[in-house]
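The following paragraphs go through some helix contacts and then a pocket. Please keep the sequence and the structure in view while reading.

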Amino acid sequence: TSFAMQRAFILNSLLLIALNLLVKPIYILGIELRVQNQLGTEEWGLYFSLMGFIYFFQFLNDFGFSHFIRKYITEHREHIERVFPGLLGTKLVLSLAFLVLVLGVNYWTGYELKHTNLLFWIALNFMLSTFIQVYRAALAGMGHYRADSILSSLDKGLLIIIMWIVFWYWGDALRIEHFVWAQTLSLVLSLVPAALIFYYRHPMRFVQWSSERIKEYYKRSLPFAIIILLMSIYSRLDSVMLRELLEDGLYQAGSYGAAFRLYDAANMFVLIIGALLLPMSAHLIKDQQKMNVMINQAIKVVLLMTVGAAIVSGVFHQEIMEWLYVDYDEHWGRILYWLMIGFVPLGFGHVFGVLLMANNQIRQLNRIYMLALVLNIGLNFWLIPVYKAVGAAWATMLTQFVVIILEILLFSSYYVWTLTQVKNLILFVVGSLIVGIAVQNVPQIHWAIRMILLTSSLGIWALICQILPWRSILKMQGTKIGE
């Protein structure tokens, strides 16, 4: 039933969020934050800008395989043994080409010859991460949502343990290379169980080397690869442009990266919803009633997460950044403020982007991302020289709003859906803003206590507004969530 599907979506989302809430905050606040504070803003700016450089080539490494698998395998689960070995062989070829291209372009352009070794290890980590994503996508496509959920936070959990050992052993002698090598080890230790779980449940050949298969999966995944290319560039271009356009580019990239860390951490939780929504929506796209229930439930979950995060970080942006960072100045808080406003459309972009892919509107979606890329480049060239990292945050925010408006218009033109409980949604947003303003104007209480008060109030208000139907979920029984 539609209620059973609603319950399955909610409970799978909550499982994913709960697992990540146990791990990601510890990683971000206990590991990444300590690395940046210990090494300094410019050293972190180097690492952040190298990652931005690598993102230009991520389309070749990822090539949209995880998106393709989640969609195709969900619709054709009986084809898994025929499809997956050839696809994995194609992925291996393209990932090796990605590594060669990153190092080759770096050598040809002279972008960062002094740190070629560091660039190689970061690119290798990108490769390992995408292989994990491919196995997770295959497990989710075959309906093993619980295994996918556990694997979603395994690498960060292992990295926390490894970095504690690194901090204890190297202490003040810590280098950025130690952090990158620890990432490599954690990714390897996560990839092994991901592969073992998959092949235990679905025994088959490991890879299939065939020029015909490579051509076949190249053609099938190319539209998804273009999505990865465009999104990677327009979402990560700012770090490279900050470095190249400004005299203090490394510092500005580091300060932007400090705020982007929180923006990206929040994005991880919303990205989980999109990853879960793709196989489910691909399975239900022809059942309009169930699909409408799924869309509305996803909108509610994302609204709660994005508006809540934006209001909390908007009220306490300066206090949060000052508490977290040794090198803090007031501009860092402003960067976080504007990025988190842009987090609201970004969250909904994951929902409607996935729905457009499920509805086979990939070419039209790529046109939107191409427009976003052109817009983002223009805004960055205009804003960064004058407003520096704050200008990059404005460019990101404005781009995300344009993207989500176009995605909603496009999806609505092809698919008939109805937004339900509109009054409740509006009431939640307006009430949340009022609560945020009220808490902000109680300065005599310590900001940490006020932040806890605000977060709790928003949660209670969400229940009052019925953003999540807890009673209906608890009453329903007999729904299989996924293995």
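In this predicted model, helix α2 (residues 41-55) packs against α6 at an angle of about 55 degrees, and their axes are 10 Å apart. An angle between 35 and 65 degrees falls outside the parallel and perpendicular ranges, and α2 and α6 are therefore oblique to each other. Their crossing is right-handed. On the α2 side, the contact is made by L46, Y47, L50, M51, F53, I54 and Y55; on the α6 side, by L118, L119, I122, A123 and F126. By class, the residues of this contact are 12 nonpolar, no polar and no charged.

Helix α6 (residues 116-141) also packs against helix α7 (residues 145-152). Here the axes come within 7 Å and cross at roughly 155 degrees. Since angles over 145 degrees count as roughly antiparallel, that value makes α6 roughly antiparallel to α7. The crossing of α6 with α7 is left-handed. From α6, the residues R136, L139 and A140 take part, and they meet Y145, A147, D148, L151 and S152 of α7. This contact holds five nonpolar residues, one polar residue and two charged residues.

Further along the chain, α12 packs with helix α17 (residues 447-464) at an angle of about 155 degrees, the axes being 10 Å apart. With that angle, α12 is roughly antiparallel to α17. The crossing of these two helices is right-handed. In α12, the residues L304, G308, I311, V312 and V315 are in contact with M451, L454, T455, L458 and A462 in α17. Eight of the residues in the contact of α12 with α17 are nonpolar, two are polar and none is charged.

Helix α12 also contributes to the lining of a pocket. The second largest pocket encloses about 670 Å³ of space. It is lined by 25 residues, and V307, A310, V344, V429 and L433 are the closest to its centre. At least two lining residues come from each of α12 (288-315), α14 (330-358), α15 (362-414) and α16 (422-440). Which helix gives the largest share of this lining? Helix α16 does, with eight residues. As to the character of the lining, 22 of its residues are nonpolar, three are polar and none is charged.

How values were computed
Residues numbered from 1 in each chain as written. Predicted model: local features only at pLDDT ≥ 70, side-chain atom pairs only at ≥ 80, totals over all residues. Heavy atoms only, no water. 1 Å grid on protein atoms, 1.4 Å probe; cavity = no way out; pocket = protein on both sides within 12 Å on 5 of 7 lines; lining within 4 Å. Points joined across faces, edges and corners; volume = space filled by probe spheres on them. Helix = DSSP H or I, 4+ residues; strand = E, 2+ residues; numbered from the N terminus. Nonpolar A, V, L, I, M, F, W, Y, C, P; charged D, E, K, R; others polar. Axes fitted to C-alpha atoms, helices over the stretch in contact; angles between N-to-C directions. Parallel < 35°, antiparallel > 145°, perpendicular 65-115°, else oblique. Left-handed = near helix turned anticlockwise from the far one by under 90°. Contact = heavy atoms within 4.5 Å.
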